[in-house]
Amino acid sequence: MSETMSTNEEQKKPPLNGRRALPLNNSNDEENEVPEMEAFGLIPRGFNPKDYLRVVDIHMFKEPHEINKQQHHTDKYYSPKLIVRRGQPFQIQVDFNRPYKPDTDQFWLEYLIGRYPQQNKGTYIPILVGDVLKPGEWGAKITHKENNSIHLSIMSSATCIVGKFRLYVAVWTPFGILRTHRNSATDTYILFNPWCQQDAVYLDDEKEREEYVLNDVGIVFHGNINNIKLRSWSYGQFEENILDACLFLMDKAELELSGRGNPIKICRVASAVINSRDDNGVIAGSWDNTYTYGVAPSAWTGSADILLEYYSSKQPVRYGQCWVFAGVFNTFLRCLGIPARLVTNYSSAHDNNANLQLDFFLDDEGQMDTKITKDSVWNYHCWNEAWMTRPDLPVGFGGWQVVDGTPQETSDGMYRCGPASVQAIKHGHVCFQFDAPFVYAEVNSDIVYSRREKNGTQVIEKIDTTHVGQLIVTKEVGGDGMMEITEEYKFPEGSAEERLALETAVMYGVKKQTTQDTTYQPQTDVDMDFQVQKAVLGSDFKVTITFRNKSRNYYTATTYLSGNIVFYTGVTKNEFKKHSFSAKLEPSSSSAFNVLIKSSEYLSDLLDQASFHFFVTARITETGKILAMQKATVLEIPTLWIKTQGEMVAGKEMSVTVEFTNPLKQTLENVTLRLEGPGVLRTMKKEFRQIPVNSTLIWEVKCTPKRPGLRKLIASLNCDALRHVYGELNVQIQKP
């Protein structure tokens, strides 16, 4: 008997490691075995544990309507377990086998997390019962005694680990410690607490906390600077199993448990694990318009499906682009209790060598040379901001921090970005960790158009200092409107403060190339501009080019228009329109020229965001000077209509209808519809083989809403010929 015991014991021991007494404790999911009887030595024959104080039951008050979840703002989580926020007291009740006598009985609570709990790492927390609770420190006190029961108020530390703890109650006897057995019903999730002043994520405005922590739907702004579009996104941070999926992400990133009370560390590892590059993370990105064996990025309507699929398959979910990475990241942050918002930067610079300069090269004719132009301007780019203090930086750099899960460039060897202080970016203090120079370039780069002369000298034709980062927006607090936050990132264009911030950034090592070795004489006496007519997908439209000749000379301008179909990242797929003409410019006057773009020219090649990029260059014959300008434009995409029928009451079946009319001059094939609404219905999908020209599709769904209140239904339609088709509807669910 004794021999078999010892071999079992040996198997349980962790493998020997000469560097660590204990292996890394980086999984919230693993557990150790806790002895129910921990003897102090030999146990006398007559010892009967039943003679001593014994725990019969523990009540966690964990229902959504009960005190804990109400006070801790966790009543929306669709979970049967207790979920509380750190640094704030919560209540439990312990039933013993007889009345508790404080003079002779001694018991305490133990909270454990992970496989190798240690007190100095904050993974083993013994709590003795005292008389007072100190704010923001672990402690417990008895608030009420009745018969065999006691009510306890328990305070957690405002800096404790965020995750799922196991609870044991231990009773002291002369011969050893008796513990309650492992009971997963008493597991306690502890989250960040933006309501607690000692918490690093404390946010003082209640309306902002309701938006940035408790709102489970949001808005993604997309399109481009001249045509802003918006769509809803379901964050779904309270849906079933999402909290466990978010804790699993930290296990996947192998973040040591003792670091999980620190929002800076959590954001940094999460920005890497949200994308699948280099760590098999949550979402695989794809920007090439082929989404075989996966879901097109534009088809997703929310984060929950993606997180749940990853949690069960442990394999990257295909496919995402920037707003999908940002949407899932936002869910992760809000779910754990870190205030977060999704931000869109219009005309976002993706600068390959962080030199604050995007180089666009022109050939002899003044046309764009695509072979040597490597930098690109994204129509828009989405990232996140998370709210926290930055004790690792000088005073004044706390507050909103940029974090970005879209894989663009590596940081410390992995695809991740942030947290970077928005305040530090505004003032050019880009020396402070993490990745501030990269974000600074995304919102501040200049676009330089240059041309190589036959003799090899490089001539700069134009420097555009205002195109990049013109508009930075997020959803307004408490509504669906747009809130501009550009001034959080930069001073007004051309102001003295802006120049100072730039000089500071350059001083701290952001590369800015000088224009000494190149000649730059801007063209001053002729201005050129162009406008693209707003158009619906499938129709013809025109581009109007205007010249203003401010001189007293007659000029001739040889003008090229190049129309390209582009990915929203600004990368060209192909040129679909080439048009050149000679423009006669009268002295001191303006003249306009129209170029017609036919739908037949672009429809066959269109990409999923219906984005065009027009590049117009003109050479003044008389002076040899070149004028250059570029603009992105997006077509209007038709919407889906969502309707509801009958009364909408929590717990009662209701009916939802989605309608769509095909606007294209072709039959749509293999069409997928998705519909979701947190608290109303789980994501539903339906496939349609064909939607003929001008015909209308109608899809009816029955569902039973779970929660009363104002909810949002979100739908998307997707097929190879048409993507980014969305619809949404606000519905008021009544109390039963």
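Which residue in β23 stands opposite phenylalanine 361? The close-up views below, all taken from a predicted model, will help you find out.

**View 1. Strand β17 and its partner β23.**
Here is the reply to the opening question: phenylalanine 361 has serine 450 opposite, and that serine belongs to β23. The two strands β17 and β23 run parallel and are joined by 6 bridges. Take a moment to follow both chain directions in the picture before moving on.

**View 2. The two faces of strand β17.**
Strand β17 covers residues 357-362, and 6 of its 6 residues are buried, so the strand is largely enclosed by the rest of the structure. To count as buried, a residue must have under 20% relative accessible area. Look at one side of β17 and you will meet Gln357, Asp359 and Phe361, while Leu358, Phe360 and Leu362 sit on the other; both faces are covered.

**View 3. The largest pocket, between two domains.**
Why does the largest pocket lie between domain 2 and domain 3? Domain 2 (207-508) and domain 3 (526-634) both contribute residues to the lining, so the pocket is found between them. The space in this pocket comes to about 520 Å³. Its lining is made of 30 residues, and those nearest the centre are Phe360, Val377, His467, His613 and Gln630. You may recognise Phe360 from the previous view, where it was one of the buried residues of β17.

**View 4. What lines the largest pocket.**
Four strands to look for here are β18 (376-388), β23 (446-452), β24 (458-464) and β34 (626-634), each of which supplies at least two lining residues. Sorted by chemical character, the lining holds 11 nonpolar, 14 polar and 5 charged residues.

**View 5. Lysine 50, out in a loop.**
Is lysine 50 buried or exposed? Its relative accessibility is 60%, so lysine 50 counts as exposed, the cut-off being over 50%. You can find lysine 50 in the loop that links β1 (37-39) with β2 (55-59). From lysine 50 to methionine 528 there are 478 residues in sequence, and the C-alpha to C-alpha distance in space is 93 Å.

**View 6. An open sheet of 3 strands.**
The strands of this open sheet come in the order β35-β36-β39, and their pairing is antiparallel. β35 (641-645) and β39 (696-703) are at the edges with a single partner strand each, so one side of each has no neighbour in the sheet. From one strand to the next, the twist averages 20°. Between β35 and β36 (residues 654-661) there are 5 bridges, and threonine 644 has valine 656 in β36 as its bridge partner.

Conventions: Residues are numbered from 1 along each chain as its sequence is written. This is a predicted model: local features need pLDDT of at least 70, side-chain atom pairs count only at pLDDT 80 or more; totals for chains, interfaces and linings use all residues. Side-chain values use heavy atoms; hydrogens and water are left out. On a 1 Å grid over the protein atoms alone, a cavity is a set of points where a 1.4 Å probe fits but cannot get out, and a pocket is an open set with protein on both sides within 12 Å along at least five of seven lines; lining residues have an atom within 4 Å of a point. Grid points are joined across faces, edges and corners, and a volume is the space filled by probe spheres set on the points. Ala, Val, Leu, Ile, Met, Phe, Trp, Tyr, Cys and Pro count as nonpolar, Asp, Glu, Lys and Arg as charged, and the others, Gly among them, as polar. Domain bounds come from an automatic or database domain assignment. Buried means under 20% relative accessible area, exposed over 50%, partly exposed in between (1.4 Å probe, protein chains only). Two strands pair if DSSP finds at least two bridges between them. Axes are lines fitted to C-alpha atoms, for helices over the stretch in contact, and angles run from 0 to 180 degrees between N-to-C directions.
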